[in-house]
Each structure stands twice: as C-alpha cells, then as structure tokens.
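Take a look at the chain below before reading on. The notes after it walk through strands, cores and one surface patch.

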Amino acid sequence: MMRLNRLAAGVLAVLAAPAGAVQLDYTLELGLLHSDNINLSQDDPVSQNVAIPGINFTLSQQGATVQALVRGVAEYRNYLGNAFDDEFRGQLDGIVNWTLLPERLTWTFQDALGLQPINVLQADTPTNLQQTNVFATGPTFRFRLNPVLRGQAELRYVDSYAEETEEFNSRRLVGALRVFHDLSSTSELSANLQTERVDFDEDDLERYTRYDLFARYTSHLAVLDLDAVLGYSRFDYRDRDDRSGVLARATLGWRPSARSTFNLTLMRQYSDAATDMMADPGAIGTGGTGIVIGDVSIDSGVYLEERIDLGYAYTGERFGLHVVPYWRKLDYGQDTRGVDQRGGGFNGEISYRLRPQLRGGFVMAAERRNFLGLDRRDDDTRYGVFLTQQWTRHWSWRLDLLRGERDSTGDGVDFDDNQAYLRVSYTR
C-alpha cells in the first residue's frame, strides 16, 4: 500500500496549492443490508446483516493554476454475523491539472482506484474482490503552429497495482504527439501518434511496446455530439509474434428534446486491464453514487475488445426511463493469461414520482457471457423495486428490494440471492 500512499500524497499536495476556490459536495450514508445468501453459494447459503456507513463526494477546482475534478466513493462493511471479515471498499476517479506555464505547460495527475474480481469466473463475494489502482502523472506541452493549427506533446508515467494479483502490477512510460485542426467553432480534427512501453514487476512476464496511430474527429452541436476515431494499433513483443489491427471508435449523442437523450457507442480497440480501468477524464463525475465492481480479468493480458452500446434516457416531471442494451467480445488471441468472452445484455430503470418528494421504481439488469474455450455460459439477472424520499433539503432515505440469480453451465456456481437494503443519507 506504500505505492498508493505516495501517489495520493502527490495529488493532495497539488490540491493544497493556493489556486482558487475548492468546491466539495458530499453525501454521508448509513445503510443496513440483509442478504439471504451473502456468500452467493449454490448449496450452502448464509443469511447475514451488514451495516454499511459510507460517503460519496465530488471535489472540483477551477483556478488559474490548478484545475481538478475528483469523484470518490468509500464504504465500510461490518458483517454483523461474522460471515466475512469486516472490510473497506473504495472507488475513485480523478484528474488534476497543474498549470506551470499558462497556455504552454501543465503537469497532470490522474488516478483510478477500483474494486475488481480476483477470479472473473467466480461470484463477486468479499473473498473474490480486491482493490486496484492505476495512477498516471506527467507533463503536457502545448504549442500553436498557426491560427487554426495547434500541437500537443505528452509524457506520462503510469503505475498499476492490485492487492492480490501480482501480475497486474506494472510500470509504463507513455508518450504522445497530437496535432489539432480547428475546422469550425464546433468541430475539430486531430492526428495522433502514441507509444507505450510496459514493464511488469513479475520477472517472468514479457514486456512489450505499443504503438497507436489514429485520426480523431469531434463535433459538438446543439442537439448532436460526435466523437470518432480511426487508426491502427501494433504490439511489439520480444519472444512471440507481434499483434496488430485496426483501431476504431465512435460515440454519438443525440438530444431530440430537452427530456430525451440517445447515446450510441461502437468500438474495436486493443486494451488491457490497467488501460480499461483508467477513466476517460471527460467522464469523471458523471457516474452514479455506488461502487461498481469491474468485470474483466485482472492480469497482464492484452485483448481485442469489440463492443456496441445503445442508451436511451427520458426524464419527465413524473416519469423517468433509462435503458442500455449492449454487446461485447473480448479476444486475447495467443495470450493465454486472460479469458476470452462473448456476450451481451442490458440494464435499465423505470421510475415514477408518487408524491412531490417520493419516488418509486423498478430496476433490472441481465447479461449472458460465453467463456470461449471453457465450454461455459453464465446467465446473470438482477431485478427489484425501490422507494426513495427526500425528507428535507439535506436528508433522504431509500429502500431497495432486489433479487439476483446466476444460471451457469459451470459446476457449482449457480446461486440466487434476495436482498433488502435500507439507507439514510445526508447531502451537503
């Protein structure tokens, strides 16, 4: 944990610099969870009550010298029946930019602390979860070639660490050169060259160098946003065949009305567990309030990810709807350190305002995952109802009644779990 403490201290030191007002928004929460199968067992379920005090917060600063956005969730789980040891869980995504020379040189700190499975083939019980952290820091130098053409050079040192899976631990040096062309006040085209040198802490793991060359187009209009990337990725290894292929991503956001939003994401890209964890800086602070458990193998393997997401959200005065169907494939190729997967599913929520401060609704998520090469298929579903009320400006409560099920062709991994979760919150 000393690695993480030193890195966090660096970020806090920059935040402490006198560079404008810091805004801190937070919610304190005290919850009581009851589960009739806390160990997610097929044959020996254990009923348990869990007391869960927690906090989620957003810290932002927009000063002349320091610009920061950090979002975090932390909770302490006290298993009242001693089914598991009490545990601390945390999640954090944040980025801090420190301006050394205005419009020329900045130093960036970025961190992603997450909760991930030790073994992706097992259920997400406390004994199969671990904290992971990916930290990046380094300078960005900006320069202008002419009124519509500008450049940017980046250098990053990246450190990844997992509590249990030592082969995840690595050190990376990333360099990038980008040239941006302003097509209009709302659109931009860029050419990007990026290289990454990966060196693992484990001596028997092979280091490699990654190269990415791609063009990116972005457009932001009143009702339509587009972010498209097209290029090529290559991985150079010393003792095995190199790997390369097309890099393509596209994200389309459409707002046909003030209450409705459509989002479509298409991607074909190479990634790994550490890269997957590092949040897109533009997405920090836009998620929900709970800790999200990851779903990829925490290891050193590189995989080809193909994914389609389609999201729709409607927010009315009384009625709300949010649904996201998706499909994903992970292919590790000749790299046997990960588990190839193919599957899809959806998650969604329907809510209705019963009274001015009282809202109820229904939530559901379903996913099918085929583990290629293992002759195994998992069908996971989770559904339930919720009721929440805003007592005062600061105080609220929420009750969730949920059921989770796994139907698998694997041996001994089926389970069903019924939960009741009541929490009281104070929001600043």
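Leaving aside neighbours within four places in sequence, which residues is V296 in contact with? Keep in mind that this is a predicted model. With those neighbours set aside, V296 touches P117, V120, A273, D276, Y303, R328 and L330.

V296 also belongs to the largest nonpolar core, which has 14 residues. It's listed there with V134, V158, F168, A273, I298 and Y303 as having the most contacts inside that core. Strands β6 (129–146) and β7 (149–162) and helix α2 (273–277) each supply at least two residues of this core. The top contributor is α2, with three residues. There's a second, separate core too: it has nine residues, including V198, F200, F235 and Y270.

Now for a charged residue. R369 sits in strand β17 (residues 358–371). Is R369 buried or exposed? R369 counts as buried because its relative accessibility is 8%, and the cut-off for buried is under 20%. Apart from neighbours within four places in sequence, R369 has a fair list of partners: V120, D295, Q341, R342, G343, R376, R377, D378, D380 and R406. V120 turns up here as a contact of R369, just as it does for V296.

Over to the early strands, where the pairing goes like this:

| Strand pair | Direction | Bridges | Facing residues |
|---|---|---|---|
| β1 (residues 22–35) and β2 (residues 48–62) | antiparallel | 14 | D25 and T58 |
| β2 and β3 (residues 66–79) | antiparallel | Eleven | L59 and V70 |

So what do β2 and β3 form, and how many residues lie between them? They make a hairpin, with three residues between the two strands. As a general point, side chains in a regular strand alternate between the two faces of the sheet.

Finally, the surface. A nonpolar patch of about 740 Å² is made by F319, I350, Y352, L354, F362, V385, L399, L401 and L422. Two strands, β16 (341–355) and β19 (395–408), each supply at least two of its residues. β16 gives the most, with three. L399, one of the patch residues, lies in β19. L399 counts as partly exposed because its relative accessibility is 31%, which falls between the 20% and 50% cut-offs.

Technical notes
Residues are numbered from 1 along each chain as its sequence is written. This is a predicted model: local features need pLDDT of at least 70, side-chain atom pairs count only at pLDDT 80 or more; totals for chains, interfaces and linings use all residues. Side-chain values use heavy atoms; hydrogens and water are left out. Two strands pair if DSSP finds at least two bridges between them. Helices (H or I, at least four residues) and strands (E, at least two) are DSSP runs, numbered from the N terminus. Patches are made of residues with over 30% relative accessible area and no salt bridge: like charges are joined within 9 Å, nonpolar side chains (Val, Leu, Ile, Met, Phe, Trp, Tyr) within 5 Å. Accessible areas come from the Shrake-Rupley method with a 1.4 Å probe; for residues, only the protein chains shown count as cover. A salt bridge is a side-chain nitrogen of Lys or Arg within 4 Å of a carboxyl oxygen of Asp or Glu. Buried means under 20% relative accessible area, exposed over 50%, partly exposed in between (1.4 Å probe, protein chains only). A nonpolar core is a set of buried Ala, Val, Leu, Ile, Met, Phe, Trp, Tyr and Cys residues joined through side-chain atoms within 4.5 Å. Contact means heavy atoms within 4.5 Å.
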